[in-house]
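Biologist: Let's go through this model together. I will ask, and you reason from the atoms.

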Amino acid sequence: MKPLIDTHERQIKYVRISVTDRCNFRCRYCMPEGGVEWIPHEKIMRYEEFLRLLKVCIPRGVGKVRITGGEPLVRKGLTAFIESAKRIEGLKELSLTINGVMLSSMASGLKRAGLDRVNISLDTLDKEKFSFITRVNAYDKTMAGIKAALEYGFSPVKINVVAIRGFNDDEISAFADLTRNKPIEVRFIELMPMGCAAKYGDHEVISSPEIIRIIEDNYGELEPVEYLHGPADVFRIKGAQGKIGLISAMSETSFCSRCNRIRITADGHLRPCLFSDDQLDLLTPMRKGINDKDLEALIEEGVRMKPQSHGMCIGNPASQPQGCETLMSSIGG
Ligand code: SAM
Ligand code: SF4
């Protein structure tokens with residue numbers, strides 16, 4: 001096996017695919033209220049096209065695939081797609097990032113299809129604040145989705161919380177508390193200033209060290225959990241069943257050195273870095289009949305485009321122009 005290695009010696013082991021840019025929520029930091037101009041259907045990757053890309057990447061050492069969006073569960077046929085992807089030899093883990101609102105009715109089918117894990121986004125435990133941030137009155141359904149994820153044994157269930165000063169800084173301890181008696185990993189994500197969130201400044205970002213301080217003030221010193229792969233630093237409250245993860249995209253300068261991923265957008269572009277608008281079109285050559293060998297070479301080229309670092313750390317205004325304009329919903333987070 002010849003691994004996919006970028007020009008900064010990072011091996012690509014993880015592919016995130018965005019299967020749709022559409023969503024049934026309008027989270028304020030992610031999408032405008034009126035939605036966006038959706039990518040026309042004919043320009044959206046077909047499932048068999050995603051499978052073809054995965055069949056090229058997985059033998060090159062990609063063990064983990066995450067399906068994201070938009071909201072992946074709104075796309076028809078997702079369960080069957082998951083079943084097909086799971087059959088690809090060499091795939092170790094297939095997971096889904098969702099807002100959870102449709103999960104309770106789909107969880108059993110997804111489990112049967114072989115889905116390994118889910119991350120569910122939930123930025124508040126308060127019903128009214130939930131309607132405010134998502135612009136949809138769906139708190140109960142989302143909570144039912146989280147319950148279903150636990151019942152169907154998608155382990156561990158991860159809850160993604162985007163930490164925003166003035167919105168949910170008063171709930172950090174309550175989120176941490178969820179991990180004490182349930183096998184949940186709560187992951188605090190630093191707000192990233194892109195797309196709709198470009199309106200937020202450094203001030204609204206609650207950095208991971210600050211989050212740790214707030215939790216430790218209430219629960220005592222956190223225990224580090226060994227967690228070698230991926231962007232999160234993981235901790236545990238002493239004696240807790242679950243874990244606490246911190247995604248320090250904006251405050252930790254070593255964040256990028258751990259980056260082992262590429263992204264495929266819903267319209268078939270390889271995106272080497274979440275924070276850069278640089279991307280490589282794979283869909284057009286695929287529809288023009290490119291052979292597998294040349295497609296593999298194109299993917300290698302996309303991997304070589306990965307920048308060493310996004311350079312947008314908090315308090316680094318000099319590098320702001322490198323920020324990206326694309327909406328998070330069209331890349332998949
Ligand atoms: N709709 C699904 C969901 O909400 O989980 C999947 C797509 S969403 C774009 C993926 C993740 O990106 C979510 O956890 C969301 O909260 C996060 N996200 C979106 N915009 C963000 C931003 N500006 N900064 C940090 N995280 C963001
Ligand atoms: Fe939709 Fe997820 Fe973006 Fe919210 S964060 S608008 S649920 S894509």
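Biologist: Which residue has a side-chain N or O atom 3.2 Å from an oxygen atom of ligand 1?

Modeller: Keep in mind that this is a predicted model. A pair of N or O atoms counts as a polar contact within 3.5 Å. Here an oxygen atom of ligand 1 is paired at 3.2 Å with a side-chain atom of Asn 160. The residue is Asn 160.

Biologist: How far is a backbone N or O atom of Gly 70 from a nitrogen atom of ligand 1?

Modeller: Gly 70 is among the residues that come nearest to ligand 1. Its backbone N or O atom pairs with a nitrogen atom of the ligand. The distance is 2.9 Å.

Biologist: Which residue has a polar backbone atom 2.9 Å from a nitrogen atom of ligand 1?

Modeller: Ligand 1 has 20 residues around it. Tyr 29, Gly 70, Glu 71, Ser 121 and Met 192 come nearest. The polar backbone atom 2.9 Å from a ligand nitrogen belongs to Met 192.

Biologist: How many charged residues are in the shell around ligand 2?

Modeller: The surrounding residues are Cys 23, Phe 25, Cys 27, Cys 30, Gly 70 and Asn 99. By class, four are nonpolar and two are polar. The number of charged residues is none.

Biologist: Why do α2 and α3 count as roughly parallel?

Modeller: The axes of α2 (residues 78–86) and α3 (residues 103–113) come within 8 Å. They cross at roughly 20 degrees. Angles under 35 degrees count as roughly parallel. That makes α2, relative to α3, roughly parallel.

Terms used:
Residues numbered from 1 in each chain as written. Chains lettered and ligands numbered in written order. Predicted model: local features only at pLDDT ≥ 70, side-chain atom pairs only at ≥ 80, totals over all residues. Heavy atoms only, no water. Axes fitted to C-alpha atoms, helices over the stretch in contact; angles between N-to-C directions. Helix = DSSP H or I, 4+ residues; strand = E, 2+ residues; numbered from the N terminus. Parallel < 35°, antiparallel > 145°, perpendicular 65-115°, else oblique. Near = heavy atom within 4 Å. Polar contact = N/O pair within 3.5 Å; in protein donor to acceptor, adjacent residues only side chain to side chain. Nonpolar A, V, L, I, M, F, W, Y, C, P; charged D, E, K, R; others polar.
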